[in-house]
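Q: Please take me slowly through one part of this structure, as I am new to it. I would like to know what surrounds that part and how it fits into the rest.

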Amino acid sequence: MRPNNTGLKRAIYILLFSLGVGFIFYFLGPILMPFAAGALLAYLTNPIVNYLINSGLSRIIAVILVFVTLFAVLLLLLLLLIPLIQQQFFTLTVFIPDTILWAQTKVLPWLMQHFGVETSAEIATFKKLLSENIFKAGNIATWLIQTTLQSGRALFHVLTNLILIPVVTFYLLRDWHVLLANSKQMIPRKLRPTVIHLAHECDLVLSGFFRGQLLVMLALGFIYSVGLTIIGLKIGIIIGLIAGLLTVVPYLGTIIGFAIAIIAALVQFGTLSSLIWVALVFIIGQTLEGMFLTPTFIGNRIGMHPVAVLFAVLAGGALLGFFGVLVALPVAAIIMVLLRHLNRHYHKSQIYQET
């Protein structure tokens, strides 16, 4: 009876500890975002630090080089992308009313003719409201500054996050090996081989998600943005970025991006040839993803069902906001690895063998 009681007590302790950690994350979620972002950046760039160390540099020099390069690239991207995206939003202020007009004059009459669907007066009201207010979305930078300055607390929160993210990233990069060594020493010796094996599996899955999936998302966003811009679509960059970001859920980015691009092409050009060009851009993107991007950057390391990915992201956002979105996939990946381990253990157990 004693081994059973010991196992039960251990399970209860683990359950209570997990619940306690969950409650802490739930209540501290609003302030944990910079720490999660810093940890993510450190995790993504730590292999580069290790490579530089193996090349003969000291760890502090390697960390400084990676840290400065990382945030210089991020700053450069922001300086380049914000004006470009702002210009796209100005174009969007004209595109949305044109889309509604196109729906009124083309789509609704076709639906009424073939399916007997009656047009609604609310659409005209909706178009008027959009025409009056959509211009506010054009100047993103001005809107963000005005909204932030309206609340001193919000301004303080934003500035704190901007300062904390690089600070957390730097110190985690500097002490990453120390943290790993200390964490390993805290594991009971009897469980250490199993826990290290599971941690290795989790690292493979997480690296597939973050290092691999991030590169795939960026590559597809670039391919779609450039392709749609080349064929003359005025909001091609916005559509490409949306399609690339939503690629975190397999096929979702392609479906939504393709649907928006088709509507945009119909509104802007209204020709069959424009639809063919849009389809060609997405066919090229999907071909490159299937034949080169995914096999090269991700391979078979993730193994999470698309529905599980979508549920994890939505659940994390609903529970913990933006911090929940950041940690949703890592937590889901770790849970998936643990479930696989339990499934293997169950199939080797006497209970399964006797049934």
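A: Contact here means heavy atoms within 4.5 Å. With that in mind, and remembering that this is a predicted model, we can start from one residue, Glu201, which lies in helix H6. Glu201 has a relative accessible area of 15%, and since buried means under 20%, Glu201 counts as buried. Leaving aside its neighbours within four places in sequence, Glu201 is in contact with Val337 and Arg344.

One of those two partners, Val337, leads into the largest nonpolar core, which has 27 residues, and Val337 is among those that touch the most other members, together with Val49, Leu173, Val205, Phe209 and Leu329. Helices H1 (2-54), H2 (59-115), H5 (152-186), H6 and H10 (306-348) each supply at least two residues of this core, and H10 gives the most, with eight residues. Apart from this core lies another, of 17 residues, with Ile239, Ile262, Ala264 and Phe282 among them.

This second core brings us to the part that I would like to look at closely, helix H9, which covers residues 272-297. At 1.5 Å a residue, the 26 residues of H9 should span 38 Å, and the end C-alpha atoms are 36 Å apart, which agrees with that expectation. H9 nevertheless has a kink of about 50°, centred on Glu289. Glu289 is also one of the buried residues of H9, the others being Ser274, Val278, Val281, Phe282, Gly285 and Leu293.

What do these buried residues pack against? Their partners are helix H6 (192-230), helix H7 and helix H8 (252-268), which brings back the helix that holds Glu201. Helix H7, which runs over residues 236-245, is itself mostly covered, with seven of its ten residues buried. Those seven are Gly236, Ile237, Ile238, Ile239, Gly240, Ala243 and Gly244, and Ile239 among them has already appeared as a member of the 17-residue core.

Where H8 is concerned, Gly257 is a useful residue to follow, as it is found in that helix. At 1% relative accessibility, Gly257 counts as buried. Leaving aside its neighbours within four places in sequence, Gly257 is in contact with Ile239, Ala243 and Phe282; Ile239 and Ala243 are among the buried residues of H7, while Phe282 is among those of H9. The C-alpha atoms of Gly257 and Phe282 are separated by 8.7 Å, although the two residues are 25 residues apart along the chain.

Phe282 itself, at 3% relative accessibility, counts as buried. The same ring also has an aromatic partner, and this is best seen beside another pair. Taking ring centres within 6.5 Å as the rule for pairing, the count comes to six aromatic pairs. Tyr43 and Trp176 form one that is tilted, at 6.3 Å centre to centre and 45° between the planes. Tyr43 lies in helix H1 and Trp176 in helix H5, so this pair ties together parts that are 133 residues apart in sequence. Tyr43 is buried, and so is Trp176.

The rings of Phe258 and Phe282, by comparison, have their centres 5.5 Å apart and their planes at 80°, so this pair is edge-to-face. Phe258 lies in helix H8 and Phe282 in helix H9, so the pair ties together parts that are 24 residues apart in sequence. Phe258, in contrast to its buried partner, is partly exposed, with a relative accessible area of 32%.

To set this part in the whole, the protein has eleven helices and zero strands. Buried residues make up 30% of its 355 residues. Of the contacts with a separation of 6 or more, residues 24 or more positions apart account for 72%. Charge pairing can be described briefly, as the structure holds one salt bridge. That salt bridge joins Asp175 and Arg174, whose closest N and O atoms are 3.1 Å apart; Asp175 is partly exposed at 24% relative accessible area, and Arg174 is partly exposed at 32%.

Technical notes: Residues are numbered from 1 along each chain as its sequence is written. This is a predicted model: local features need pLDDT of at least 70, side-chain atom pairs count only at pLDDT 80 or more; totals for chains, interfaces and linings use all residues. Side-chain values use heavy atoms; hydrogens and water are left out. Buried means under 20% relative accessible area, exposed over 50%, partly exposed in between (1.4 Å probe, protein chains only). Helices (H or I, at least four residues) and strands (E, at least two) are DSSP runs, numbered from the N terminus. The expected span of a helix is 1.5 Å times one less than its number of residues. The bend at a residue is the angle between axes fitted to the seven residues ending there and the seven starting there. A nonpolar core is a set of buried Ala, Val, Leu, Ile, Met, Phe, Trp, Tyr and Cys residues joined through side-chain atoms within 4.5 Å. A salt bridge is a side-chain nitrogen of Lys or Arg within 4 Å of a carboxyl oxygen of Asp or Glu. Rings of Phe, Tyr and Trp (its six-membered ring) pair if their centres lie within 6.5 Å; planes under 30 degrees apart count as stacked, over 60 as edge-to-face and the rest as tilted.
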